[in-house]
Amino acid sequence: MKKSLIYIIMFIFLCTISNYSIDYVLGKQITRQSPYYLSFASIGAIYLESRMDAWAKIKTSSSTKELEKYLADILKGFTIVYEPEHLEIVETSNNIVLNYEINKKEQDLIINLKSDYQNNESYFYVTIISRNKAISLENYESRLNQIIGLNWQYYYLYQSEIPYLIDQKSQEDLADVVVKNLQAQKVTCYKENGLTNISAYSSKIINKVPSLYINGKRYNMQVTITSNLKDHKTKVYIGLPLILGNY
């Protein structure tokens with residue numbers, strides 16, 4: 001009888017430890033997840049992809065060899081092996097342009113380097129598009145920042161999808177939830193033809209994303225929700241500090 005009681009107590013103890021371990025691991029996994037992905041999940045949106053656009057400028061033109069050196073530094077920082085078949089060089093009397101592009105299943109890399117002889121400047125553009133939540137775009141930012149002589153600026157875009165249409169009123173409600181989950185304050189709201197765009201400001205990301213001022217108002221985040229009548233789905237975007245291009 002005593003042995004049975006001991007076994008029962010040991011069993012309860014092991015179950016308790018096991019549950020604690022599972023809860024701890026799950027808690028750590030949730031902690032490590034991006035707040036943007038968690039915000040998507042909070043409104044039932046499915047993550048599609050994330051994007052980082054970075055650019056820099058130096059006030060001097062560069063030779064082809066110098067641009068190739070910058071390209072090598074960027075690839076080395078990303079631990080990517082240089083493959084010449086991905087490189088395209090276009091030279092004119094006023095410009096040299098290097099285009100390097102890699103497209104893979106989970107990630108695209110686009111590097112565009114340009115030397116402008118007329119304005120005596122060189123421009124550097126890097127775009128990374130990831131379809132894998134495990135890939136942290138912030139790691140690429142830290143690596144770019146280690147390249148001497150270049151002061152990069154960054155824009156981020158996170159995209160998700162709701163597999164059905166959302167009416168205009170509900171779009172604003174969902175956008176408000178995303179803004180609240182990111183601990184931001186709504187600044188402006190624009191609605192038109194199945195599209196809702198909210199500009200917001202968050203002091204939590206001020207060290208990561210510079211603030212923009214438009215019409216005397218400060219913000220560093222945009223949340224856009226738009227319905228696509230063709231595929232009967234709703235797209236949700238989070239842009240830092242704003243959304244570039246069309247959506």
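Helices and strands are DSSP runs, a helix having at least four residues and a strand at least two, numbered from the N terminus.

**Figure 1. Overview of the predicted model.** The protein contains five helices and twelve strands. Of its 247 residues, 40% are buried. Among contacts with a separation of 6 or more, 59% join residues that are 24 or more positions apart. The accessible surface of the protein is about 14,800 Å², and carbon and sulfur atoms contribute 54% of that area. Nine salt bridges are found in the whole structure.

**Figure 2. Helix 3, residues 64–77.** The 14 residues of helix 3 should span 20 Å at 1.5 Å a residue, and the C-alpha atoms at its ends are 20 Å apart, which agrees. Thr64, Leu67, Tyr70, Leu71, Ile74 and Leu75 are the buried residues shown in helix 3. They cover an arc of only 135° around the axis, so they sit on the same side of helix 3. An α-helix has 3.6 residues a turn, so residues three or four places apart point the same way. On the face turned away from the buried side of helix 3 are the exposed residues Lys65 and Lys76. Just after helix 3, threonine 79 has a positive phi of about 55°.

**Figure 3. Packing partners of the buried side of helix 3.** The buried residues of helix 3 pack against five strands and a helix: strand 1 (46–58), strand 2 (87–91), strand 3 (95–103), strand 4 (107–116), strand 5 (121–130) and helix 4 (137–144). Among the residues on the helix 3 side of this packing are Leu67, Leu71 and Ile74, each of them buried.

**Figure 4. Salt-bridge network of Glu172, Asp176, Lys186 and Lys191.** Lysine 186 forms a salt bridge with glutamate 172, at 3.5 Å from N to O. This pair links distant parts of the chain, with lysine 186 in strand 7 (residues 185–192) and glutamate 172 in helix 5 (residues 168–181), 14 residues apart. A salt bridge also joins glutamate 172 to lysine 191, where the closest N and O atoms are 2.9 Å apart. Because glutamate 172 lies in helix 5 and lysine 191 in strand 7, this pair ties together parts that are 19 residues apart in sequence. The side chains of lysine 186 and aspartate 176 meet in a further salt bridge, at 3.0 Å from N to O. Lysine 186 lies in strand 7 and aspartate 176 in helix 5, so the pair ties together parts that are ten residues apart in sequence.

**Figure 5. Accessibility of the residues in the network.** Glutamate 172 counts as buried because its relative accessibility is 17%, and the cut-off for buried is under 20%. Lysine 186, at 38% relative accessibility, counts as partly exposed. Lysine 191 also counts as partly exposed, at 42%. Aspartate 176 has a relative accessibility of 28% and likewise counts as partly exposed.

**Figure 6. Isoleucine 238 in the largest nonpolar core.** The largest nonpolar core has 54 residues, and Leu144, Trp152 and Ile238 are those with the most contacts inside it. In soluble globular proteins, nonpolar side chains tend to be buried together. Neighbours within four places in sequence aside, isoleucine 238 is in contact with Tyr36, Phe40, Tyr156, Leu157, Tyr158, Val178, Leu182, Met221, Gln222 and Val223.

**Figure 7. Surroundings of glutamate 141 in helix 4.** Glutamate 141 counts as buried, with a relative accessibility of 14%. Not counting residues up to four places away in sequence, glutamate 141 touches Met52, Tyr154 and Tyr156. Tyr156 is also one of the contacts of isoleucine 238.

**Figure 8. Tyrosine 164 in the loop between strand 6 (153–162) and helix 5.** Tyrosine 164 is partly exposed, with a relative accessible area of 45%. Its contacts, not counting residues up to four places away in sequence, are His232, Lys233 and Thr234. Tyrosine 164 and threonine 234 are 70 residues apart in sequence, and their C-alpha atoms are 6.1 Å apart in space.

How values were computed. Residues are numbered from 1 along each chain as its sequence is written. This is a predicted model: local features need pLDDT of at least 70, side-chain atom pairs count only at pLDDT 80 or more; totals for chains, interfaces and linings use all residues. Side-chain values use heavy atoms; hydrogens and water are left out. The expected span of a helix is 1.5 Å times one less than its number of residues. Buried means under 20% relative accessible area, exposed over 50%, partly exposed in between (1.4 Å probe, protein chains only). The arc is that of the directions from the helix axis to the C-beta atoms. Contact means heavy atoms within 4.5 Å. A salt bridge is a side-chain nitrogen of Lys or Arg within 4 Å of a carboxyl oxygen of Asp or Glu. Accessible areas come from the Shrake-Rupley method with a 1.4 Å probe; for residues, only the protein chains shown count as cover. A nonpolar core is a set of buried Ala, Val, Leu, Ile, Met, Phe, Trp, Tyr and Cys residues joined through side-chain atoms within 4.5 Å.
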